[in-house]
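Visitor: I should like to learn how to read a protein structure, one feature at a time. May we begin with the aromatic rings?

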Amino acid sequence: MNSLEIQDILGKTAIDSDLQNIAEKVLHDERISCDDALTLYEKADLNFVGILANYVKTKKFGNAVFFNKNIHVEPSNVCVHKCKFCSYYREQNASGSWEYSLEEIEFQLRKVPHDALTEVHIVGGCHPTRKIDYYCDLLRLVKRILPHVYVKAFTAVEIEYMAKLNGLSILDVLTKLKESGLDAMPGGGAEIFDEDLRAQICPSKTKSADWLAIHKQAHSLGIETNATILYGHKESFAQRIDHMNRLRVLQDETHGFNAFIPLKYKKENNVLGIERELPWTEDLRNFSITRLFLDNIPHLKVYWPMLGKDFSQITLDYGVDDFDGTINDSTKIYSMAGSVETRPCLTQAEMITLIKESNKVPTERDTVYNIIKTY
Ligand code: V47
Ligand code: SF4
């Protein structure tokens, strides 16, 4: 689709001159401002932002939709933080808690056919007593059993807690983890950066400035990372934009973020007390506006275990270029919070079919987005 055709389509839907101006900026590759993003959230309908987001996505990646072959390892759900939106953490020894030993994790890893993986994603709670040696040994274990995989592990929140518990600096922790096999970091723990709201929904968690500083430090060591936002709870549009803007500013400096992953708040089994989850149209608008605002983080990922495969397929027409991974029923974070995907698992063939059904080109990638194969 060329820009003239798009302007033609938008001309029919964009009745508002502010929206028309924003569309012009997007079509001319100009960065949209925080005020523009607010205008989009407040005034633009789904088709308007969807067409623009799809235009930007297609300009960057054509019809490609990326996926990878991964599993999650969740060493423990025992966590010191007790975030109010979290359905996953448990007290130590409480019913539903787990604390896997390295032997148990080795058993889990050996069960998966090794040619079916290019990534192991490790994330869990901030365990009150497990020292950094456990996590370094875990990284070495994964690399011993699966030497060819990328290990994407530990949120900034886990890194900060390791530093605290072991009396180490962030730099020491990242260096030790990297030496033990850490290749990249996931984007969790960002939640919402607005300090007042963060204090309400996850009071003891890593402060926003510290989350950003840890990612900056990781980037400076050559560790590429992702970023997330938790949306659909108590946040305002302005707070979503502020969150993305802090990431956009850091990314201009470091270029170390690969993917942004909007995580929709799921309401089951947690104490935040939100009665209604956002409607799907709002999820689609949010993906689209994110694609338009975050112009310097290349990939926009839909995390299908949270949103469901069927709905995730639709997001591929709203700016999303990455379907995450095959997962192999290895994560519990979202099934515990009420996702329709109670045992998330896609074979490679199913993943390819889902993407092809959207008239896109399935493109297998590794963790840092080197292309492995197109289908
Ligand atoms: O930080 C917890 C979220 C995150 C709920 O980097 C919830 O590739 C919704 O960050 N409703 C952890 N969300 C998961 C994560 C992630 C997942 C997949 C891929 C990547 C990546 C990162 O899960 C937490 C929090 O924001 N979360 N509880 C809930 N009730
Ligand atoms: Fe712990 Fe993460 Fe759950 Fe917060 S979201 S309680 S840090 S596991």
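Visitor: How many aromatic pairs does the count come to?

Guide: Please keep in mind that this is a predicted model. Two rings are taken as a pair if their centres lie within 6.5 Å. By this rule, the count comes to 11 aromatic pairs.

Visitor: How are the rings of Phe 61 and Phe 66 arranged, stacked or edge-to-face?

Guide: One looks at the angle between the planes, where a value over 60 degrees counts as edge-to-face. The planes of Phe 61 and Phe 66 stand at 85°, with the ring centres 5.5 Å apart, so this pair is edge-to-face. Phe 66 is itself buried, its relative accessible area being 5%.

Visitor: Which kind of aromatic pair do Trp 280 and Phe 311 form?

Guide: Theirs is a tilted pair, with 40° between the planes and 4.7 Å from centre to centre. Trp 280 belongs to helix H12 (residues 280-293) and Phe 311 to helix H14 (residues 309-315), so the pair ties together parts that are 31 residues apart in sequence.

Visitor: Are these two residues, Trp 280 and Phe 311, buried or exposed?

Guide: Buried means under 20% relative accessible area, and exposed means over 50%. Trp 280 has 53% and is exposed, whereas Phe 311 has 3% and is buried.

Visitor: Which residues do ring pairs link into a cluster?

Guide: The cluster consists of Phe 61, Phe 66 and Tyr 369. Tyr 369 merits a closer reading. It is found in the loop between strand E9 (361-365) and strand E10 (371-374), and a relative accessible area of 11% makes it buried. Its phi is near 70°, a positive value in a residue other than glycine.

Visitor: Which residue lies over the face of Tyr 369?

Guide: That residue is Arg 365, at 4.2 Å from the ring centre. A similar reading applies to Phe 293, where the charged end of Arg 248 sits over the ring, 3.8 Å from its centre.

Visitor: Where is His 255 found, and what is its phi?

Guide: His 255 is in the loop between helix H11 (237-254) and strand E6 (257-264). Its phi is near 55°, which is again positive in a residue other than glycine. With 59% relative accessibility, His 255 counts as exposed.

Visitor: Let us turn to a residue within a helix. What does Ala 218 touch?

Guide: Leaving aside residues up to four places away in sequence, Ala 218 touches Leu 174, Met 185, Ile 223 and Thr 225. Ala 218 lies in helix H10 (residues 208-220) and counts as buried, at 0% relative accessibility. One may also compare sequence with space: Ala 218 and Lys 178 are 40 residues apart in sequence, and their C-alpha atoms are 9.6 Å apart.

Visitor: Which residues are around ligand 2?

Guide: They are Cys 79, His 81, Lys 82, Cys 83, Phe 85, Cys 86, Tyr 88, Tyr 89 and Lys 205. One then sorts such a shell by character: here six are nonpolar, one is polar and two are charged.

Visitor: How many helices and strands does the chain have?

Guide: The secondary structure comes to 15 helices and 10 strands. The radius of gyration is 20 Å, close to the 21 Å that the globule rule gives for 375 residues, so the chain is as compact as a globular protein of that length. Buried residues make up 57% of the chain. Of the contacts with a separation of 6 or more, 74% are between residues 24 or more positions apart.

Notes
Residues are numbered from 1 along each chain as its sequence is written. Chains are lettered from A and ligands numbered from 1 in the order in which they are written. This is a predicted model: local features need pLDDT of at least 70, side-chain atom pairs count only at pLDDT 80 or more; totals for chains, interfaces and linings use all residues. Side-chain values use heavy atoms; hydrogens and water are left out. A residue is near a molecule or strand if one of its heavy atoms lies within 4 Å of it. Ala, Val, Leu, Ile, Met, Phe, Trp, Tyr, Cys and Pro count as nonpolar, Asp, Glu, Lys and Arg as charged, and the others, Gly among them, as polar. Rings of Phe, Tyr and Trp (its six-membered ring) pair if their centres lie within 6.5 Å; planes under 30 degrees apart count as stacked, over 60 as edge-to-face and the rest as tilted. Buried means under 20% relative accessible area, exposed over 50%, partly exposed in between (1.4 Å probe, protein chains only). Helices (H or I, at least four residues) and strands (E, at least two) are DSSP runs, numbered from the N terminus. A charge sits over a ring if NZ of Lys or CZ of Arg is within 6 Å of the ring centre and within 35 degrees of the ring normal. The radius of gyration is taken over C-alpha atoms; the globule rule is 2.2 Å times the number of residues to the power 0.38. Contact means heavy atoms within 4.5 Å.
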